[in-house]
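Let's take a walk through this protein together, starting with the whole chain and then stopping at a few of its helices. Please keep the sequence and the model open as you read.

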Amino acid sequence: MTTTTGTVSKTVTIRLVRTEEYERAGEVTAAAYSHSYGELSAQYLASLRDVAGRVRTGDVWIAVDEGSDGAAPAILGTVWVARPNRPLAEVARPGETDFRQLAVAPEARGRGIGEALTRHVIELARARGSHRVVMNSGPEMTGAHALYAKLGFERLLDREGDWEVEPGRIIRLLSFGYDLAPEPGRPTEPPGVAPTWVVEAVSYDDPRAVALRDEMDAEVGPRYADRFAAGDAAEAEAANRAFAVDPATIVATVLVSDAAGSPVAHGALRDLAHDGIRDLEIKRVFVQPRARGAGASRVLLAELERIARERGAARLILQTGDRQQDAVALYEKLGYTPIGIYEPYTAFAFSQCFEKPLPDVDPTR
């Protein structure tokens with residue numbers, strides 16, 4: 001996304017932080033907070049610099065000035081946003097998107113960066129179908145409060161209270177909300193009851209499967225575009241071969257749909273052989289934002305594992321990238337462990353590969 005909000009330059013882009021930018025983004029966040037709020041504890045500054053930790057539980061977006069001289073993009077500001085259905089703080093309730101640690105580099109103040117980042121959060125929430133954007137803010141952050149008021153945020157007095165933001169430091173956090181739509185009425189599922197997901201095996205060329213893969217490409221492709229843009233024609237061809245999927249190698253394609261019958265998740269199994277072991281590889285896992293954090297991914301992967309076990313696979317393997325920390329966190333949580341980069345991805349150092357053994361299960365038990 002390129003933004004031209006207010007006085008923001010046309011060369012400023014808002015995008016997800018890249019792995020190699022974690023340290024610089026962390027320094028910008030720490031510098032912004034120190035500039036605005038004076039002396040901060042070493043522990044708090046360390047937490048502000050910990051971008052790697054933040055991307056494991058949310059999405060860190062940055063405003064960068066790409067410039068035109070070939071130099072590394074200048075990071076002008078950052079914001080930490082919850083992933084769909086996975087709030088960052090207790091201030092958020094079901095159907096809301098929350099964000100934290102909005103920070104603008106001191107030298108970039110007055111350029112509309114904070115407003116552009118906040119508007120970006122609002123648009124993310126709108127695209128997810130959230131009915132409100134919410135956040136907490138310290139009482140001394142008066143500049144941020146003025147921005148939120150300008151954009152239409154209102155105080156949420158019933159959510160305010162005293163919080164220990166670091167050991168020995170208790171402040172009263174203010175709460176703000178921006179309404180996108182009327183708050184929905186009674187949920188269709190009682191509290192604590194998981195959504196109903198319907199699992200279906202389909203052909204790889206099923207139009208619904210194709211549509212979900214197109215959505216995946218539109219979301220994930222831009223995260224790695226810079227890495228492929230710099231290569232020559234031979235490197236581009238090698239990448240196309242490595243990441244292409246021959247439908248003839250696909251042994252199963254699975255869709256997960258919601259209770260209304262709308263597909264929300266896609267995954268496939270590809271037949272591969274590595275290290276003398278007959279493996280199946282998980283490919284093209286994608287869950288629509290509105291279904292993330294609600295169990296659809298677990299249902300999808302459980303079904304892929306069931307099919308693989310039924311086909312006699314000793315283990316499942318998969319490849320993802322270092323800019324998909326949400327996927328990495330999911331796989332680790334479900335028992336997948338890191339392995340070396342395997343063919344055909346060995347030329348791509350940003351690959352992160354995982355395996356999960358599939359022990360035999362006695363059907364009589």
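The paragraphs below go from the overall fold to individual helices and one residue.

First, a word on conventions: this is a predicted model, in which local features need pLDDT of at least 70 and side-chain atom pairs count only at pLDDT 80 or more, while totals for chains, interfaces and linings use all residues. Residues are numbered from 1 along each chain as its sequence is written, and side-chain values use heavy atoms, with hydrogens and water left out.

The protein has nine helices and 15 strands; these are DSSP runs numbered from the N terminus, with helices being H or I of at least four residues and strands E of at least two. Of its 365 residues, 49% are buried, where buried means under 20% relative accessible area with a 1.4 Å probe, protein chains only. The exposed surface comes to about 17,900 Å², and carbon and sulfur atoms supply 53% of that area, as computed by the Shrake-Rupley method with a 1.4 Å probe. Among contacts (heavy atoms within 4.5 Å) with a separation of 6 or more, 66% join residues 24 or more positions apart.

Near the start of the numbering, look at how helix α1 (residues 22-37) packs with helix α2 (residues 42-49): the angle is about 135° and the axes are 7 Å apart. The axes are lines fitted to C-alpha atoms over the stretch in contact, and angles run from 0 to 180 degrees between N-to-C directions. The two helices α1 and α2 are therefore oblique to each other, because angles under 35 degrees count as roughly parallel, over 145 as roughly antiparallel, 65 to 115 as roughly perpendicular and the rest as oblique. Residues of α1 including Tyr-22, Ala-30 and Tyr-33 meet Tyr-44, Leu-45, Leu-48 and Arg-49 of α2.

Now move on to helix α4, residues 113-128. Twelve of its 16 residues are buried, so α4 is largely enclosed by the rest of the structure. Gly-129 follows α4 and has a positive phi, near 85°.

Within α4 sits Ile-122. Is Ile-122 buried or exposed? Its relative accessibility is 5%, so Ile-122 counts as buried. Beyond neighbours within four places in sequence, Ile-122 is in contact with Val-133, Phe-153, Tyr-178 and Leu-180. Leu-180 lies 58 residues from Ile-122 in sequence, yet their C-alpha atoms are 8.2 Å apart.

Finally, helix α9 (residues 325-333) is mostly covered, with seven of its nine residues buried. Gly-335, which follows α9, has a positive phi near 95°.

How values were computed:
Buried means under 20% relative accessible area, exposed over 50%, partly exposed in between (1.4 Å probe, protein chains only).
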